[in-house]
Structures are given as structure tokens and as C-alpha cells.
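Trainee: I would like to take a close look at a single part of this structure, with one connected explanation that I can follow step by step.

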Amino acid sequence: METGVNRSVQHAQLTAPQPVGATAPVLSIVIPMRDEAASVAPLLNRCVAAMAGIGPFEICVTDDGSRDGTAEALRDYAARHQTTALTVVTLTRSAGQSAALHEAVLHSRAPIICTLDGDGQNPPEEIGRVIAPLIAPGASTGLGLVAGQRRKRRDSASKRLASAIANRIRSAVLRDGTRDTGCGLKAFRREAYLALPYFDHMHRFLPALFRRDGWEVALVDVAHAPRLSGRSKYSNLQRALVGVTDLIGVAWLIRRRKRIAPPGRSVTRSDAAPR
């Protein structure tokens, strides 16, 4: 498992101007993009529409080393929508989906994060359904992750079959109680996510990793749509080869974890000046 994937990657941040007196966001929508320029405007517009009436929000996008004009499309969108809080992290070369997600979360400001893929297959209209268990009045303070579970997947038969086999094996080994960890639509507590062990491809194992740290995980059925732009970044064989190595590593992490439930710790600080 790789742990230093971002160390050699330079990134720059572009932030759209904020309205005077703008309220701090309650939700950060995080989107990794790689060669998906055609998705930028329609996807971000749907995110903005989906958040109407929910509360202050921001959108954080990582351009993961795109070569098709994605960076330019994001800059153009920021210039045209100056009342939308938009942060763009640009990686000079592709670092992969987990690294792109991690970079965007690091630059986010809200306590709750909602992720979705940049190809348009995760409908932004489902954001409200996914974040509801975390922001509803009386929401459990022990709930760390809400994972979307795709229904009626709009992928090829071979990809659905490969995914079903991989999910069955992963579930048997990790016992994470999740039938579909590949869905990009997820919501989680920012602090809890950043406390997880970071490694390449970790985004495929978030339910197991959150449970490893003692957090509750909720599952929500969500819609799945045809791809708006771009193409799959991995073949079925590539996913299988990478997945076996990662699965062994995550199983080891779970076995070696010293568990402390999130509500089960307290910290006391003294205001006395250090001597």
C-alpha cells in the first residue's frame, strides 16, 4: 500500500470569490476529476441546485492531472459563478482517485463532506438523501459514514460481474456489511476521515476503515446514471490485481487496530503557561 503518493505532487488552489459576509459552509461537496471537462458545468450546476434550501455549502474539486481541458473548464466555471464557493486543487500529474479525494478534503472547510465521482454517474440530486443521516436533528454522534449503494447500475455486464465478485470477496474477508463500496456517493465527518490511515485506493474500503475506528456506518440506496464524460480509469483485470493487495493490507490494519470508540475518550487541557 502506498503512503506517500502526494509528496512529489505540486498543487495550486483556485478559489472563487466569496460574497461579503458569506457563512461558513455546513457541507463540502468533494469531486475528483480526471479528463472530464465536459462534465464540469452540468455537474456543478446540478450540485448547486441540489443544495437549494439545505444550507451554506462549498464545492471542492481536484483536477487529477487532466490533459483534456478540465482545468480550464473549472477556471471558466469559477469566473462565471462568483457567488459559488468553489475550490479547485490542481495536481500536475495524476495521483489517483484516493489521492485526489484526500487533497480536496484537506482543502475543504465544512465538518461534513459529501463525495461524488466527476463522470456524472452519481446524480447530485441524491446528495440530500446521503447527508440526511448526518445532519438531521438528533443524528447519532457515533455515525461517521453514510455510504451510497448503487441500484440499477448503468455499467457494462462485465464490469457489473467483476464488481459483484470483488464485493463478495471483500465482504467475506473484511465483514464490513457493505454490498457496494465502489459507489462514489458517500458522506462522512471530515475529522474522522482525516484520522484514517491514508494509502492509495483507500476510497474502496471506507466502510471497513470507519468501522475499524469505532464509527457507525449507515447505508443508503442511491440512483446510478450513465457516464456524462470521460472513461473508466481501470480495466477489470487491473482492479482485481490492485484489489487483492489492498484487501490483504486492510485486513491487516483491522486486525492490528487498538479500538477506542469515538465517544469513549475524553481530553483535559490546562490553561497554565508551559514552563
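Trainee: Which residue is the bridge partner of V30 in β5?

Mentor: In this predicted model, the bridge partner of V30 in β5 is T115, and that pair is a good place to start looking at strand β2, which spans residues 27-33. β2 and strand β5 (residues 112-115) run parallel and are joined by four bridges. β2 also pairs with strand β3 (residues 57-64), again in the parallel sense, over seven bridges, and here I29 stands opposite I59. To get from β2 to β3 the chain passes through helix α1 (residues 40-50), and this β-α-β crossover is right-handed.

Now consider how the side chains of the strand are placed. In a regular strand the side chains alternate between the two faces of the sheet. In β2, L27, I29, I31 and M33 lie on one side, while S28, V30 and P32 lie on the other, and all of these are buried, so that both faces of the strand are covered. Seven of the seven residues of β2 are buried.

Finally, β2 itself helps to cover another element, helix α4 (residues 127-135), in which I127, V130, I131 and L134 are buried. These four residues are on the same side of α4, because they cover an arc of only 85° around the axis. An α-helix has 3.6 residues a turn, so residues three or four places apart point the same way. What covers the buried residues of α4 includes β2, along with α1, β5, β6 (143-150), β7 (186-189) and β8 (216-222).

Definitions and conventions. Residues numbered from 1 in each chain as written. Predicted model: local features only at pLDDT ≥ 70, side-chain atom pairs only at ≥ 80, totals over all residues. Heavy atoms only, no water. Buried < 20%, exposed > 50% of the residue type's maximum accessible area, 1.4 Å probe, protein only. Helix = DSSP H or I, 4+ residues; strand = E, 2+ residues; numbered from the N terminus. Pairing = 2+ DSSP bridges. Right-handed = clockwise from strand over helix to strand, strands pointing away. Arc of directions from axis to C-beta. Contact = heavy atoms within 4.5 Å.
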